[in-house]
Amino acid sequence: MSRSPHRQSAEPREDARPVPGLPLVVLATLAVLVTAADTYVVVLALPDILAGVGVGIDELQRATPIIGGFLLGYTATLPLLGRLADLRGRVPVLAGCLLLFALGSLLTATADGLGLAVAGRGLQGVGAGGLVPATLALVADRWPPERRAVPLGVVGAVQEAGAVLGPLAGAAVLAVADWRAVFWLNLLLGLALAAGVVVTGGRRPDPVGLALLALAGAAGGLQLAEPAALAEDVTLGLAWVPLLDGVPAATPLVLVAVLAGLALGARSLAAPDGAVLPLRGVPRLVREVDVVGSLLAVVALGALVWSFAAADPATEVVAHGPVLLPVAAAAAVAFWLHERRTPDPVLPLGALRPAGAWGALLVNLLVGVALVAALVDVPLFARATTTPGDQLGAALVLLRLLVAVPVGAVAGGWLCRRVAPRLVAAAGMALAALALWAMTGWGETSLDSWASTVVLLAAGLGFGLAIAPVNAVLLAVTGPEVHGSASALAVVARTVGMLVGLSLLTAVALRRFTAEVEAIGSPLTVCPDTPADCPAYDAAANAAVLTQLHTVFAGAATAAGLAAVAALVLLRERPVRG
């Protein structure tokens, strides 16, 4: 009798794969760092990107698709990518995601319009999102439950370090080149890491396939980039001249790229495991993957993510709510009903029955709510008080929190080898809750004191301490055959928590701000004799801004406190041996 792939068992798996080597884990972790840093680089370069694709500085609201497209790709395809990591192994998914990230970087680097930039960022999001669950599953493959907390903490630390290194790397690149250089660099790093993953993953690389990939990529990149020094040359410029009148895409470069791509696809279908593109066995894989469930998950998550990502917090909690939220709810219900009946679900819901599994997802959701409030409102507080209009100064204030997160992640992994993970996670989130609550008492000069640095470091340390314990418990109570899917759900939970938390907390805070401003009245009322110069009105307005920020901090502290309680009660390990 055949076994369902999500059924837990103490028997050895028939499809058990070799334990991955340390170089492969290091490369996968480095890939997570590169893609995490890319998220924050784009935020820094966003004004330049918009100008480069023809969007004026007075149309910043049109930047939403660039950011939302990345989030949409990052989140919506996670269940499918996590399942593929379980069905076909970690290496093909890691390599495939890195190639998608590289392709997205190429499209973004050569974009001359908003549509191509959004498509490129969406592909980058898909690639970046799939790397995280595959890497976590890779760590679980290599280390037994009692020893994997530290490496899980390292992966979490590296992921969070992207928030620190990303802006620094972006500033360094933008100091010597334009914004497109950021994505050209991502392209090179993505291709190099993909090749390294294939080599260290025990797969003998196909040199012909690599050559075809390089040829297709070079031809396509030159066609899109169209460097003036080459395209305007009398001889070399013929490569950009269409061979057919009226067909702009019929250039020699496009022809070379298409032929090389077709040859690469044909060779990958016939080649052994070392094929650059893991196409062999795709028809059988399509039969194994729950296509209907995958599509329903993409629709549900995509509608949910876009409704929050595209919202303007100043006027709405969700964008297109009457349309997107019912679509998300209907797709989610259909997905749940379908998953209960299909023998091979895209998400092994049965494997998530232990309290530790769904408890880990709940904790991650609440962590996302609390964390996003700190990431957004700490620099807003700095700009409103000690560094008005100084974006760099506000970023340096946030850096005090961010540098402590990776430290806490490693420390949390180390503590899990000596203390129950639920206690470590609960202590970390309790520390973050206390720090966030302390921020509700900050005044206009609080950031000038050393005490604010202690509070920020404590918040970052608390968030970091929870990373390794949550992932360790989730991977301990689920079987190896579903580690990719479980890790994908953990990432989804945190991302959704961040999106929902940002919209809800900001909406509540803005209502309080509006109420405070209405209570103040106008400068004519407060200072009828000198309305143009009214210190009393300015002080009251500043107090209203602080009230708004304090409200967000209070909401974040509540979410962090709930996360601490959930971790203490629910994160109980019942290891599953595979």
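Begin the tour by selecting helix 17, residues 421-439, and compare its length with expectation. At 1.5 Å a residue, the 19 residues of this helix should span 27 Å, and the end C-alpha atoms do lie 27 Å apart, so the two values agree. Next, highlight the buried residues of helix 17, which are P421, V424, A425, A426, G428, M429, A432, A433, A435, L436 and M439.

The model in the viewer is predicted. Display the whole protein now. It contains 22 helices and zero strands. Of its 578 residues, 51% count as buried. How far apart in sequence are the residues that touch? Among contacts between residues at least 6 apart in sequence, 79% join residues at least 24 apart.

**Helix 7**

Select helix 7, residues 180-200. This helix has 21 residues and reaches 30 Å from its first C-alpha to its last, close to the 30 Å expected at 1.5 Å a residue. Colour its buried residues: R180, V182, F183, N186, L187, G190, L193, A194, G196, V197 and V198. Then move to G202, which follows helix 7 and has a positive phi, near 85 degrees.

**Helix 4 against helix 7**

Two packed helices are described by the angle between their axes and the distance between the axes. Keep helix 7 on screen and add helix 4, residues 90-109. Their axes are 8 Å apart, and the packing angle is about 160 degrees. Since angles over 145 degrees count as roughly antiparallel, helix 4 is therefore roughly antiparallel to helix 7. The crossing of helix 4 with helix 7 is left-handed.

Which residues of helix 4 and helix 7 make the contact? On the side of helix 4, select V91, L94, A95, L98, L99, F101, A102, S105, L106, T108 and A109. On the side of helix 7, select R180, F183, W184, N186, L187, G190, L191, L193, A194, V197 and V198. By kind, the residues of this contact comprise 17 nonpolar, four polar and one charged.

**Helix 4 against helix 5**

Hide helix 7 and bring in helix 5, residues 114-142. Helix 4 and helix 5 have axes 7 Å apart and pack at an angle of about 160 degrees. These two helices are therefore also roughly antiparallel to each other. Their crossing is left-handed. The residues of the contact between helix 4 and helix 5 divide into 16 nonpolar, eight polar and three charged.

**A128, within helix 5**

Zoom in on A128, which is found in helix 5. Is A128 buried or exposed? The relative accessible area of A128 is 2%, and a residue counts as buried under 20%, so A128 is buried. Leaving aside neighbours within four places in sequence, A128 is in contact with T35, F70 and Y74. Add T75 to the selection and draw a line between the two C-alpha atoms: A128 and T75 are 53 residues apart in sequence and 9.7 Å apart in space.

**S294, within helix 12**

For the last stop, select helix 12, residues 291-309, and centre the view on S294, which lies in this helix. With a relative accessible area of 7%, S294 is buried. Which residues does S294 touch, not counting residues up to four places away in sequence? Show L80, V289 and V346 to see these contacts of S294.

Methods: Residues are numbered from 1 along each chain as its sequence is written. This is a predicted model: local features need pLDDT of at least 70, side-chain atom pairs count only at pLDDT 80 or more; totals for chains, interfaces and linings use all residues. Side-chain values use heavy atoms; hydrogens and water are left out. Axes are lines fitted to C-alpha atoms, for helices over the stretch in contact, and angles run from 0 to 180 degrees between N-to-C directions. Helices (H or I, at least four residues) and strands (E, at least two) are DSSP runs, numbered from the N terminus. Angles under 35 degrees count as roughly parallel, over 145 as roughly antiparallel, 65 to 115 as roughly perpendicular and the rest as oblique. A crossing is left-handed if the near helix is turned anticlockwise from the far one by less than a right angle, and right-handed if clockwise. Contact means heavy atoms within 4.5 Å. Ala, Val, Leu, Ile, Met, Phe, Trp, Tyr, Cys and Pro count as nonpolar, Asp, Glu, Lys and Arg as charged, and the others, Gly among them, as polar. The expected span of a helix is 1.5 Å times one less than its number of residues. Buried means under 20% relative accessible area, exposed over 50%, partly exposed in between (1.4 Å probe, protein chains only).
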